[in-house]
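User: I should like to learn how the features of a structural model are read. Please take them one at a time, giving the general idea and then the case at hand.

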Amino acid sequence: QVQLVESGGGLVQPGGSLRLSCAASGFAFSRYGMRWYRQAPGKERELVAAITSAGGSTNYADSVKGRFTISRDNAKKSVYLQMNSLKSEDTAVYYCKAVSDYGLRDYWGQGTQVTVSS
């Protein structure tokens, strides 16, 4: 059974940090690029960060460049999003997504809530 389980969300003050984790199971994790998306209330889901299957290349939305870092550990079948200098506009549900290198189906996690508020 394929699973992507996000964790690490919560309530944090502006300027604070959180580290999200996404644990994968049931598929060949090392053959999938991984992405973090977020969706704020009333807004469309947006791509935040992406990392290739081997972890050699990353990309970020302009709004998070220099503040967020995506990484992965293929041995642990996990992807991470380190979020620093958080702002209120970072408040959203954060989702991880697995994107096949070979055109197979993609997988989504269930999401984790991040709230940045004083």
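**Aromatic pairs**

Analyst: Six aromatic pairs are counted, where rings of Phe, Tyr and Trp (its six-membered ring) pair if their centres lie within 6.5 Å, with planes under 30 degrees apart called stacked, over 60 edge-to-face and the rest tilted. This is a predicted model, in which local features need pLDDT of at least 70, side-chain atom pairs count only at pLDDT 80 or more, and totals for chains, interfaces and linings use all residues. Residues are numbered from 1 along each chain as its sequence is written, and side-chain values use heavy atoms, with hydrogens and water left out.

User: How is one such pair described, and what is the geometry of phenylalanine 27 and phenylalanine 29?

Analyst: A pair of aromatic rings is described by the distance of the centres and the angle of the planes. For phenylalanine 27 and phenylalanine 29 the centres are 6.4 Å apart and the planes stand at 55°, so this pair is tilted. Both phenylalanine 27 and phenylalanine 29 are buried, a class that means under 20% relative accessible area, as against exposed at over 50% and partly exposed in between (1.4 Å probe, protein chains only).

User: What is the arrangement of the rings of tyrosine 32 and tyrosine 107?

Analyst: Their centres lie 5.9 Å apart with the planes at 35°, so the pair of tyrosine 32 and tyrosine 107 is tilted. Tyrosine 32 belongs to strand 4 and tyrosine 107 to strand 10 (residues 107-108), so the pair ties together parts 75 residues apart in sequence. Helices (H or I, at least four residues) and strands (E, at least two) are DSSP runs, numbered from the N terminus. Tyrosine 32 and tyrosine 107 are both buried, and Phe27, Phe29, Tyr32 and Tyr107 form one aromatic cluster.

User: Which charged ends sit over rings?

Analyst: The criterion is that NZ of Lys or CZ of Arg is within 6 Å of the ring centre and within 35 degrees of the ring normal. The charged end of arginine 19 sits over the ring of tyrosine 80 at 4.1 Å from its centre. For arginine 45 over the ring of tyrosine 95, the distance to the centre is 3.7 Å.

User: How should a disulfide be read, and how many does the structure hold?

Analyst: A disulfide is a covalent bond between the sulfur atoms of two cysteines. In a model it is assigned to a pair of cysteine sulfur atoms within 2.5 Å. The structure holds one, formed by cysteine 22 and cysteine 96 with their sulfur atoms 2.0 Å apart. Cysteine 22 lies in strand 3 (residues 18-25) and cysteine 96 in strand 9, so the link ties together parts that are 74 residues apart in sequence. The link of cysteine 22 and cysteine 96 is right-handed, with 50° about the S-S bond. Cysteine 22 is buried at 0% relative accessibility, and cysteine 96 is likewise buried at 0%.

User: What does the largest nonpolar core contain?

Analyst: In soluble globular proteins, nonpolar side chains tend to be buried together. A nonpolar core is here a set of buried Ala, Val, Leu, Ile, Met, Phe, Trp, Tyr and Cys residues joined through side-chain atoms within 4.5 Å. The largest one has 30 residues, and those with the most contacts inside it are Leu4, Trp36, Val79, Leu81, Met83 and Tyr94. At least two residues of this core come from each of strand 3, strand 4 (32-39), strand 5 (46-51), strand 7, strand 8, strand 9 and strand 11 (112-116). Leaving aside neighbours within four places in sequence, leucine 4 is in contact (heavy atoms within 4.5 Å) with residues including Cys22, Phe27, Met34, Cys96 and Trp108.

User: Is serine 53 buried or exposed, and which side chain does serine 53 join by a polar contact?

Analyst: A polar contact is a pair of N or O atoms within 3.5 Å; within protein, one must be able to donate a hydrogen and the other to accept it, and residues adjacent in sequence count only if both atoms are side-chain atoms. Serine 53 lies in the loop between strand 5 and strand 6 (58-60) and is buried at 14% relative accessibility. A polar contact of 2.7 Å joins its side chain to that of aspartate 101.

User: Where is serine 17 placed?

Analyst: Serine 17 is in the loop between strand 2 (10-12) and strand 3, and is partly exposed at 40% relative accessibility. The side chains of serine 17 and asparagine 84 are joined by a polar contact of 2.9 Å.
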